[in-house]
Amino acid sequence: MRRIISVLLENEPGALSRVVGLFSQRNYNIESLTVAPTEDASLSRLTVTTSGSDKVIEQITKQLNKLIEVVKLVDLTEGAHIERELMMVKLKAVGSQRGEVKRTVDIYRGQIVDVTNSVYTVQVAGNSDKLDAFIKSIAEGSVLEVVRSGVSGIARGEKVLSL
Amino acid sequence: MELLSGADMITHFLADEGVEHIYGYPGGAALHIYDALFRQDKVQHILVRHEQAAVHMADGYARATGKAGVVLVTSGPGATNTITGIATAFTDSIPLVVLCGQVPSTLIGEDAFQETDMMGVSRPVVKHNMAIRHPSEIPDVLKKAFYIAQSGRPGPVVVDIPKDMTAPNERFEYEYPSKVKLRSYTPPMRGHSGQIRKAAEMLLNAKRPVIYAGGGVIIGGASAQLIKLVDRLNYPVTCTLMGLGAYPGTGKNSLGMLGMHGSVEANQAMHNADLVISIGARFDDRVTNGTDKFCPGARIIHIDIDPANISKTIKVDVPIVGPVGSVLNDMHAIFDELAGQPDQDALASWWKEIDQWRARHGGRYEPSTQDCIKPQHVVEVLHKVTKGDAFVTSDVGQHQMFAAQYYKFNKPNRWINSGGLGTMGFGLPAAMGIKLTHPDEEVVCVTGEGSIQMNIQELSTCKQYGLPLKVVLLNNEALGMVKQWQDMNYESRHSHSYMGSLPDFTKLVESYGHVGLTVRKLDELESTLEKAFAMKDELVFINVYVDPAEHVYPMQIARGSMNDMWLNKTERT
Ligand SMILES: Cc1ncc(C[n+]2csc(CCOP(=O)(O)OP(=O)(O)O)c2C)c(N)n1
Ligand SMILES: [Mg+2]
């Protein structure tokens with residue numbers, strides 16, 4: 001099953017490589033990984049999406065917890081949560097394509113953030129399925145470049161992941 | 001507060017931490033530290049002949065005492081040479097602090113002379129590693145290193161020290177930090193009382209119980225609590241390769257070792273149990289055999305300090321996360337309160353069944369003859385000559401298994417072997433670390449002619465520091481364990497398992513300044529060992545030629561259940 005694990009990590013050199021190393025060492029799979037500092041400069045927040053049997057997921061969380069620099073972690077998929085991913089796409093847009101692309105972008109509540117004679121650069125945010133669906137709905141051959149941020153997530157309601 | 005250079009802070013810290021010996025080898029990036037060592041006399045440095053041996057020495061010391069062993073090496077090749085030793089300690093949860101020189105911080109990343117990314121290289125085989133980024137951090141980082149290495153589930157910690165951090169003319173305030181602050185690391189101190197109660201009740205209700213004790217009992221110093229548990233319930237107990245000595249090997253409830261080369265009664269009892277309590281053991285693949293066939297009728301209690309060990313390979317019914325000693329103390333308190341007794345009739349018939357398995361113990365071997373000495377027999381004679389009281393280290397192979405099976409360890413911390421990683425070359429340096437700190441105890445390395453050659457250069461270190469340990473070489477003129485697998489699985493095609501061109505060990509040992517003895521005939525065996533152990537002040541190396549055709553039995557049949565075993569070359573369970 002797909003899981004989103006959120007980790008508070010000491011903001012120290014080498015901490016990220018320990019997390020990534022753990023996944024490759026133990027043959028766990030990483031679908032996406034995002035990491036950035038938090039409002040507390042001493043901490044980074046890392047979100048990893050992964051998949052595996054319950055047994056594997058249990059091991060992933062336990063092994064992550066064993067890393068000295070991991071301060072706290074939560075498996076967001078265990079409760080209600082919000083996930084978002086940002087995607088930017090360069091699309092071929094000439095002639096009648098221009099109107100069509102614009103309509104599709106509107107449907108997905110995306111934005112055209114840069115324009116040339118022949119190219120639109122589009123930004124779409126949402127959960128990963130929505131981004132996949134957007135790509136699928138664009139005519140084949142028009143997609144020139146895709147960049148995705150990877151998933152970030154947060155629990156719904158009053159639950160917070162903090163010190 | 002004193003003003004000290006980074007290098008002097010390191011030696012002062014080590015002295016303040018109570019470290020008496022460090023093991024190491026100098027080189028460019030570590031020279032400021034070596035100079036600081038020269039100018040003090042509290043910490044004694046032992047100069048090895050290869051950095052791997054320095055780590056095994058520190059490891060042997062740590063296994064015998066429970067305290068972290070300390071290593072000092074230079075950058076690049078000095079640091080990479082420690083890796084096998086660090087991985088050995090990591091796999092067996094042994095506390096070490098490994099101080100590695102590094103090129104000056106200004107050169108890091110420039111492919112400088114003797115630069116390797118030791119943080120990256122060591123990462124998968126350490127409990128933690130840290131780099132010094134400013135000399136003033138040294139006391140705190142070292143304190144953290146010792147704390148992390150020795151607490152919770154112990155393990156090796158590497159500290160990477162760029163040369164400019166130890167520069168002699170830059171001085172900073174030094175104070176020994178008595179406390180450590182680590183918000184992200186809180187090892188468990190107590191087990192969950194509800195779970196412990198549940199386990200105690202299950203234990204009292206069991207009809208076919210087995211206590212399965214591992215290295216965690218030894219590392220956790222919980223041997224007394226284990227013995228008390230066994231005595232109070234009169235339950236059978238089996239120890240893993242790492243747990244031997246946690247319960248006395250000659251004790252009446254001991255089933256000996258379990259697992260791949262475990263005894264028939266231990267593996268049968270496990271397979272037929274209705275309750276297994278694992279104490280400080282981790283259901284290693286060398287114990288469980290086929291996990292899908294493991295202990296089919298048993299409910300399982302698992303006490304372990306590392307939550308990640310719970311249900312990692314075998315799903316357990318009652319997990320208890322905590323230090324084994326404290327968990328067992330709590331459990332004893334609950335037993336005192338419950339005051340119940342196990343079903344004595346059920347227990348009596350369980351013991352009867354176990355005694356029947358014992359009676360047809362597959363570990364028996366054909367007797368030696370005058371011209372063909374059995375390796376098992378050598379270990380039994382060694383046990384007799386040392387009154388079963390020596391520290392015994394081993395290397396890896398058949399000799400290791402014979403030592404584990406036939407030297408009945410009655411005390412914890414006396415059987416010192418690389419169980420998890422299986423590192424040939426471990427035995428001699430580990431014995432050196434023990435002898436150095438236990439000069440009045442007998443310390444013996446049981447080895448093979450393959451393994452001993454992986455760190456034989458350390459005989460020179462033994463001479464320099466006067467370490468009169470004993471080496472018993474079970475010389476089968478082959479990489480015996482490899483050859484056994486080739487006999488059993490590859491129709492005896494002995495691909496590269498024959499050790500041709502062996503040195504004359506007696507001459508070799510003599511050239512290092514020690515005493516070498518050779519045994520070829522059975523009637524020389526005991527007298528030669530007696531003679532060797534009578535030479536209290538000499539390192540004596542006894543080269544015993546043993547039956548080259550011998551195999552280690554019992555041996556579990558791969559992927560079967562625990563009790564699927566070869567008993568000898570032709571019979572199986
Ligand atoms: C460093 C290392 N390399 C290879 C092995 C694989 N190995 C396991 S046992 C063994 C043979 C050991 O031979 P020897 O020391 O003579 O012991 P014996 O089995 O003959 O008693 C080998 C090569 C190992 N355990 N460690
Ligand atoms: Mg051999």
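Helices (H or I, at least four residues) and strands (E, at least two) are taken here as DSSP runs, numbered from the N terminus. The structure described is a predicted model, in which local features need pLDDT of at least 70 and side-chain atom pairs count only at pLDDT 80 or more, whereas totals for chains, interfaces and linings use all residues; side-chain values use heavy atoms, with hydrogens and water left out. Residues are numbered from 1 along each chain as its sequence is written, and chains are lettered from A and ligands numbered from 1 in the order in which they are written.

The domain bounds, which come from an automatic or database domain assignment, divide chain A into domain 1 (2-79) and domain 2 (82-152). The C-alpha centres of these two domains of chain A are 29 Å apart, and the contact between them (heavy atoms within 4.5 Å) involves seven residues of domain 1 and six residues of domain 2. For chain B the assignment gives domain 1 (2-174), domain 2 (193-360) and domain 3 (375-552). Between domain 1 and domain 3 of chain B, the C-alpha centres are separated by 30 Å, and 24 residues from domain 1 meet 28 residues from domain 3 in the contact.

Ligand 1 is surrounded by 17 residues, of which Gln398(B), Gly422(B), Ser451(B), Asn476(B) and Gly480(B) come nearest; a residue is counted as near when one of its heavy atoms lies within 4 Å of the molecule or strand in question. The shell comprises seven nonpolar, nine polar and one charged residues, where Ala, Val, Leu, Ile, Met, Phe, Trp, Tyr, Cys and Pro count as nonpolar, Asp, Glu, Lys and Arg as charged, and the others, Gly among them, as polar. At least two residues of this shell are supplied by each of the chain B helices α16 (398-406), α18 (449-452) and α20. Polar contacts are pairs of N or O atoms within 3.5 Å; within protein, one atom must be able to donate a hydrogen and the other to accept it, and residues adjacent in sequence count only if both atoms are side-chain atoms. An N or O atom in the side chain of Ser451(B) is 2.7 Å from an oxygen atom of ligand 1. Backbone N or O atoms also approach oxygen atoms of the ligand, that of Gly480(B) at 2.7 Å and that of Met481(B) at 2.9 Å. Taken alone, ligand 1 exposes 590 Å², and the protein buries 76% of that, the accessible areas being obtained by the Shrake-Rupley method with a 1.4 Å probe and, for residues, with only the protein chains shown counting as cover.

Helix α20 (residues 480-489) of chain B also holds Gln484(B), a residue that counts as buried because its relative accessibility is 1%; buried denotes under 20% relative accessible area, exposed over 50%, and partly exposed the range in between (1.4 Å probe, protein chains only). The side chain of Gln484(B) forms a polar contact of 2.9 Å with the side chain of Gln398(B), and also reaches the backbone nitrogen of Val552(B) at 2.8 Å. When residues up to four places away in sequence are not counted, Gln484(B) touches His261(B), Gln398(B), His551(B), Val552(B) and Met555(B).

Asp59(B), placed in helix α3 (residues 51-65) of chain B, is likewise classed as buried, since its relative accessibility is 0%. Apart from its neighbours within four places in sequence, Asp59(B) is in contact with Thr88(B), Ala89(B), Ile94(B), Leu96(B) and Phe426(B). Lys198(B), by contrast, is located in helix α8 (residues 193-205) of chain B and is partly exposed, with a relative accessible area of 42%. The C-alpha atom of Lys198(B) is separated by 9.5 Å from that of Ile301(B), although the two residues are 103 residues apart along the chain.

Backbone geometry was also examined. Most residues other than glycine have a negative phi, and most peptide bonds are trans. Asn289(B), in the loop between α12 (285-288) and β13 (299-304) of chain B, has a positive phi near 55° and counts as buried at 12% relative accessibility. A positive phi near 55° is also found for Ser311(B), which belongs to the loop between β13 and β14 (318-321) of chain B and counts as buried at 13% relative accessibility. The peptide bond from Tyr553(B) to Pro554(B) is cis, with omega near -5°, and Pro554(B) lies in the loop between β20 (540-545) and β21 (555-556) of chain B.
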